[in-house]
Structures are given as C-alpha cells and as structure tokens.
Amino acid sequence: MPEAQGPTKMSSRDKYRFRRALEEIERAQGRGTELVSVYVPPDRPVFDVTNYLRGEYSQSSNIKSASTRKHVMQAIESIINRLKQWRMPPPNGLVAFVGHKDVGADQTSMIAYVLEPPEPVVSFLYRCDSRFFTEPLHEMLAEKDVYGLIVIDQGESTIGLLEGKRINPIKNVQSLVPRKHRIGGPSARRFERLHEQAVHEFFKKIGDLTTEAFLTRRDLKGLIIGGPGYTKDAFVKEGYLHHELQKKVLGTFDVGYTDETGLRELVENARDVLRDLDLMREKTLVQRLMDEIRKEEGGLSAYGEDQVRHALELRAVDTLLISEGLRKLRLQVRCANGHEETRTVADEATLPKCPTCGADFAIVERRDIVDEFGGLADASNAKVELISADSAEGELMLKAFGGIAAILRYRVT
Ligand SMILES: [Zn+2]
C-alpha cells in the first residue's frame with residue numbers, strides 16, 4: 001500500500017465554519033442555470049482542472065440567454081483565478097461554488113467559495129445548475145461512529161478504520177513467519193520453536209502498529225478483529241494489544257482474507273454486533289432524556305417541536321434527538337394577497353386557508369422537518385442523534401414527544 005499524505009482531520013470548529021458556509025451556499029438560487037459547482041479530488045493536478053474549466057468556458061459561449069452566458073463565464077473565470085494559488089489540491093481536495101445568486105428585485109449578487117472539505121473528494125465533478133450541488137458534503141459532515149479493524153493470520157495482517165459506512169485501510173503487513181511443513185525428528189522441534197518465535201514477533205509488530213493507529217483516536221468506539229481460524233483469537237487473548245485497546249475489543253469474527261477484502265468481509269460479518277451497539281446507544285440517550293424529564297421542572301430536557309425549536313434558537317441544545325419515523329414538512333406558505341406564514345404540516349394536501357384573508361395558500365418553500373431541525377442543530381453546534389423508529393425507545397420518542405426532544409446545555413425558561 002503506498003504511503004500517501006493522509007487526509008486532513010477537521011476540528012469541530014472548522015466543521016462548524018464549513019457548515020455555516022454551506023448554509024449560505026445552499027440558500028443560493030440562480031435565475032438561470034448559472035451556479036457552478038466543482039469538486040476536485042486530492043490527486044488531480046490543478047492545471048488539469050483549469051484546462052477542463054477552459055473547455056467549459058468556451059462551451060458556455062453558446063448559451064442563448066445573454067445574462068446566463070455572462071454569469072456562467074464570470075463564474076468559471078473566477079474559479080480558474082481562485083485555483084491559481086495551488087499546484088496540487090490540499091489533502092482533502094477542493095470544492096468550489098461560484099455564481100450569481102438571485103437577490104430579488106431583478107438583482108443578483110456574486111457568491112464565491114473555494115473550500116477544503118472535511119473529507120477527501122472522491123471524484124472530479126463539474127456542474128452548472130440553478131442550485132449549487134452539495135449532496136456529497138452532507139455525508140462528510142454527518143457524525144460518524146469510528147471502529148478499528150484488524151484482520152490477521154500468521155502470514156499477513158491489515159489494519160483499517162470503519163468511519164460511518166466507509167472502510168479506510170491504514171496498513172497491510174506481510175509476516176516473515178516460515179510456512180509450516182512436515183519435518184520429522186529433532187529438526188521438527190527446532191523448527192517449531194523458530195516458528196513460534198516468528199509468530200510472536202509478528203503479533204508484537206501488529207500490536208505496536210495498532211497502538212500507533214488507534215490509541216490516540218478518542219472517537220474510537222471499539223475494535224473488531226477477524227481472520228481465518230484460531231490465530232486472531234490467540235492475538236487477542238495473549239496480550240499483544242495495548243491494555244486501553246484491549247478493553248475496546250467488541251469481538252472476533254471468522255473471515256477468509258487478511259488483506260483489504262478481509263476488512264470488508266469483517267465489517268459485513270460484524271454487522272449485527274454494530275447494529276446492536278447502535279440500538280444500545282439509542283437506548284442510553286433516551287434513558288438520559290427520561291432521567292432529565294423526571295427531575296424537578298424537567299431538568300435539562302426539552303421536548304415537542306416548539307420547545308425544542310426555541311431551545312435550538314437559543315443555542316441551548318447539547319444533543320438533539322429526532323425519531324427517524326417523523327414524517328412532517330416545514331412549509332413556508334403565501335397567499336395571493338401576500339400574507340406569509342411558516343407552518344409544520346403532516347402532509348401538504350391539508351394546507352389550511354390564509355387566516356387573514358381566507359385565500360388559498362401556495363407553497364413558497366418546503367423542507368423535511370428532520371432536515372430543518374438538523375440544520376438548526378448544525379448552526380448551533382448541537383449533536384444530532386437519529387433514533388430508529390422500530391425500537392421501544394423510538395416508539396416512545398414518537399408517541400410521547402412528537403418525535404423531537406433535546407438534552408440541553410443549560411436550562412431554558
Ligand atoms: Zn391572505
């Protein structure tokens with residue numbers, strides 16, 4: 001495995017700033033298809049990207065609408081200029097969002113962001129649309145559980161990390177352990193001893209590499225270990241792991257390979273254990289909420305849409321709990337006479353009439369409420385925990401609290 005420069009790990013503060021930028025980027029709407037999004041993976045030379053953009057620049061001279069044409073060309077030119085400061089992209093690559101956004105009254109204003117994303121960009125992408133293309137960044141910003149992965153037998157071992165749904169291999173090591181073959185007599189015993197010694201050295205080395213890779217990861221939720229046969233169990237039982245990591249071992253699993261394929265197989269086989277852990281975490285969170293609710297005046301709890309929204313606006317929320325079973329929309333509506341309201345509805349077919357003039361409401365903007373609350377939580381740096389609907393805790397969340405509750409940083413009155 002080549003030793004490439006590792007991805008940059010973003011601090012939570014940087015992530016927060018990134019989220020704020022993303023909010024502005026996502027609010028922007030072009031009057032035509034004139035907002036340009038570019039994703040540059042870390043291994044793509046910048047001159048390669050600027051060449052591509054020059055091609056798009058000359059293509060865009062064919063755009064019929066004069067104002068769209070002008071705006072697209074300006075956006076591409078601006079990105080080319082901004083990219084000049086790099087020869088190669090930074091370790092996570094780059095994302096660029098540039099274009100003229102509609103600001104009403106027949107006016108537009110330029111919005112321009114070139115950012116290093118929180119995780120490496122996977123593939124190059126150019127898009128010109130009436131909205132910026134930001135979907136890949138959401139997966140990057142999601143809170144993820146991190147697990148250490150080890151697959152091992154006497155001949156080979158691979159270490160990796162499971163981050164959310166992604167498996168990142170860290171190191172593959174081949175051992176120098178001689179293969180066993182049948183020899184008789186005294187040389188057999190000598191061979192046996194040498195063999196054991198070599199296995200011991202190999203395990204020790206893998207133990208050290210795991211310490212190096214995992215010990216400083218404070219977010220490491222656990223360690224899962226796989227391999228064919230008994231070797232992996234011997235590795236775990238005979239104390240080759242740092243004692244702090246030993247405590248985090250969640251289990252060992254049979255897998256056929258000890259290379260990168262083995263890591264994938266391991267995650268596949270450990271899926272039930274990982275899901276149980278997820279459910280356990282949900283249980284603990286809802287329990288914590290219930291403990292607060294039982295305290296005098298509700299302790300550090302808030303529940304129900306209005307109360308939680310209020311607490312979020314005051315930045316008082318530590319952890320937002322949302323039921324995955326919640327199906328509601330947050331609508332901004334307007335009537336023909338210009339009266340506007342923001343409402344939460346179960347479905348948009350049951351839209352009420354305007355209470356001021358009785359006219360029908362039309363929808364100006366619609367958002368899934370889980371999305372909307374997620375956005376509010378991001379903006380105030382609160383953690384978001386989705387509680388699955390099919391657990392007892394999830395059902396309680398949905399029935400008793402309308403699917404929305406929060407554990408607070410401080411009490412809100
Ligand atoms: Zn009205």
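The paragraphs below lead through a predicted model, going from a metal site to two helix pairs and then to a few single residues.

A good place to begin is the zinc ion, which is coordinated by the SG atoms of Cys335, Cys354 and Cys357 and by the ND1 atom of His339, at 2.1 to 2.3 Å. The 4 donor atoms subtend angles of 101 to 118° around the zinc ion, and the arrangement is therefore tetrahedral. Read along the sequence, the donor residues follow the spacing C-x3-H-x14-C-x2-C. The pair Cys335 and Cys357 links distant parts of the chain, since Cys335 lies in strand β12 (residues 329-335) whereas Cys357, 22 residues apart from it, lies in the loop between β13 (340-345) and β14 (361-368). These two donor residues can also be described by their accessibility: Cys335 counts as buried because its relative accessibility is 4%, while Cys357, with a relative accessible area of 33%, is partly exposed.

From the zinc site one can turn to the packing of helices. Two packed helices are described by the angle between their axes and the distance between the axes. Helix α10 (residues 305-313) packs with helix α11 (residues 369-379) at an angle of about 30°, and their axes are 9 Å apart. Because an angle under 35 degrees counts as roughly parallel, α10 and α11 are roughly parallel to each other. The crossing in which α10 passes α11 is left-handed. On the side of α10 the contact is made by Glu305, Val308, Arg309 and Leu312, and on the side of α11 by Ile369, Glu372, Phe373, Leu376 and Ala377.

Helix α11 also holds Gly375, which is partly exposed, with a relative accessible area of 22%. The C-alpha atom of Gly375 is separated by 48 Å from that of Gly155, a residue 220 residues apart from Gly375 along the chain.

A second helix pair is formed by α2 (residues 46-59) and α3 (residues 66-83), whose axes come within 10 Å and cross at roughly 165°. That angle makes α2 roughly antiparallel to α3. Here, too, the crossing is described by its hand, and α2 passes α3 in a left-handed one. The residues of α2 that take part are Val46, Val49, Thr50, Leu53, Arg54, Glu56 and Tyr57, and they meet Met73, Ile76, Glu77, Ile79, Ile80 and Leu83 in α3.

Among the single residues, Leu408 is placed in strand β16 (residues 404-408), and with a relative accessible area of 5% Leu408 is buried. Leaving aside residues up to four places away in sequence, Leu408 touches Leu300, Ser301, Ala302, Ala311, Ala316, Val317 and Asp318. For one of these residues, Ala302, the C-alpha atom is separated by 7.2 Å from that of Leu408, although the two residues are 106 residues apart along the chain.

Two residues in loops remain, and the backbone angle phi is what draws attention to them. Ala105, in the loop between β2 (94-104) and β3 (107-115), has a phi near 50°, a positive value in a residue other than glycine. Ala105 counts as exposed, because its relative accessibility is 72%. Arg315 lies in the loop between α10 and β11 (317-323), and its phi, near 60°, is likewise a positive value in a residue other than glycine. With a relative accessible area of 39%, Arg315 is partly exposed.

Notes
Residues numbered from 1 in each chain as written. Predicted model: local features only at pLDDT ≥ 70, side-chain atom pairs only at ≥ 80, totals over all residues. Heavy atoms only, no water. Donors = N, O, S within 2.8 Å, 3.2 Å for Na, K, Ca; no water. Tetrahedral: all angles 85-135°; square planar, octahedral: opposite > 155°, others 65-115°. Helix = DSSP H or I, 4+ residues; strand = E, 2+ residues; numbered from the N terminus. Buried < 20%, exposed > 50% of the residue type's maximum accessible area, 1.4 Å probe, protein only. Axes fitted to C-alpha atoms, helices over the stretch in contact; angles between N-to-C directions. Parallel < 35°, antiparallel > 145°, perpendicular 65-115°, else oblique. Left-handed = near helix turned anticlockwise from the far one by under 90°. Contact = heavy atoms within 4.5 Å.
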